[in-house]
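Open your viewer, keep the sequence panel beside it, and let's walk through this model one selection at a time.

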Amino acid sequence: MGHAVRQIHVMEEEETCPFDLWEETSKEECHEVDWDPEILKERKKNVEEMLHKHGLPFQDVMRNDAGEETPAPRSIQILGCLLVRPPYTERTCESSNELVLTKIRTMMAQNMPALPSVIPLREKVR
């Protein structure tokens, strides 16, 4: 197997893994926004249709990030090991199974419409 290895980089413990930086950025980017419920409903429907088309089992998760029950499903659980959180993009997928995570992210990047460049936010009542 040594013929396939071209270079090895040994990271010091203090170095930050680029994947960790990407995950932190994506969570801050998407979870901090107060999304319009209609946009979220449409995107969730698109993800569910894509999963059904590809024959992947999924279910709605009735809990928010704090573990509290919610009246409406917020996240989608795929194959029992991956969660897709609002706004339902490849960047909001979470799983400890790297193979499943990579496959689902790739599938979503190829099949899902991009987020709008101008983010429609929920109207805040004063």
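Begin with the whole chain in view: among contacts with a separation of 6 or more, 45% are between residues 24 or more positions apart, a contact meaning heavy atoms within 4.5 Å. This is a predicted model, in which local features need pLDDT of at least 70 and side-chain atom pairs count only at pLDDT 80 or more, while totals for chains, interfaces and linings use all residues. Residues are numbered from 1 along each chain as its sequence is written, and side-chain values use heavy atoms, with hydrogens and water left out.

**Colour by confidence.** pLDDT is the predictor's confidence in each residue, from 0 to 100. The mean for the protein is 77, and 68% of its residues reach 70 or more. Now select residues 15–28: pLDDT stays under 50 there, and the model has 13 contacts beyond four places in sequence for this stretch.

**Switch to cartoon.** You should find 3 helices and 4 strands, arranged from the N terminus as α-α-β-β-β-β-α. These elements are DSSP runs numbered from the N terminus (helices: H or I, at least four residues; strands: E, at least two).

**Add the surface.** The protein exposes about 9400 Å², of which carbon and sulfur atoms supply 53%; the area comes from the Shrake-Rupley method with a 1.4 Å probe, and for residues only the protein chains shown count as cover. Of the 126 residues, 26% are buried. Here buried means under 20% relative accessible area, exposed over 50%, and partly exposed in between (1.4 Å probe, protein chains only).

**Select helix α2, residues 37–53**. Its 17 residues reach 24 Å from first C-alpha to last, close to the 24 Å expected at 1.5 Å a residue; the expected span is 1.5 Å times one less than the number of residues. Which residues of α2 are buried? Show Leu40, Arg43, Lys44, Asn46, Val47, Met50 and Leu51 as sticks to see them. Looking down the axis of α2, these buried residues fall within an arc of 155°, so they line one face of the helix; the arc is taken from the directions from the helix axis to the C-beta atoms. Turn to the other side of α2, and Glu38, Lys41, His52 and Lys53 are exposed.

What do the buried residues of α2 pack against? Select β1 (58–61), β2 (75–78) and α3 (98–111) to see their partners. Before leaving the helix, click on Gly55 just after α2, where phi is positive at about 70°.

**Look for salt bridges.** A search of the whole structure finds 4 of them, each being a side-chain nitrogen of Lys or Arg within 4 Å of a carboxyl oxygen of Asp or Glu.

- Zoom in on Lys44 and Glu48, whose closest N and O atoms are 2.8 Å apart. Both lie in α2, 4 residues apart, about one turn of the helix. Lys44 is buried, with a relative accessible area of 11%.
- Next select Lys45 and Glu49, which meet in a salt bridge at 3.7 Å, N to O. This pair is also 4 residues apart in α2, about one helical turn. Lys45 is partly exposed at 46%, and Glu49 is partly exposed at 44% relative accessibility.
- Then move to Arg85 and Glu94, joined by a salt bridge of 3.2 Å, N to O. Arg85 counts as buried at 13% relative accessibility, whereas Glu94 is partly exposed at 24%.

For the last stop, select Lys44, Glu48 and Asp60 together: salt bridges that share partners join them into one network.
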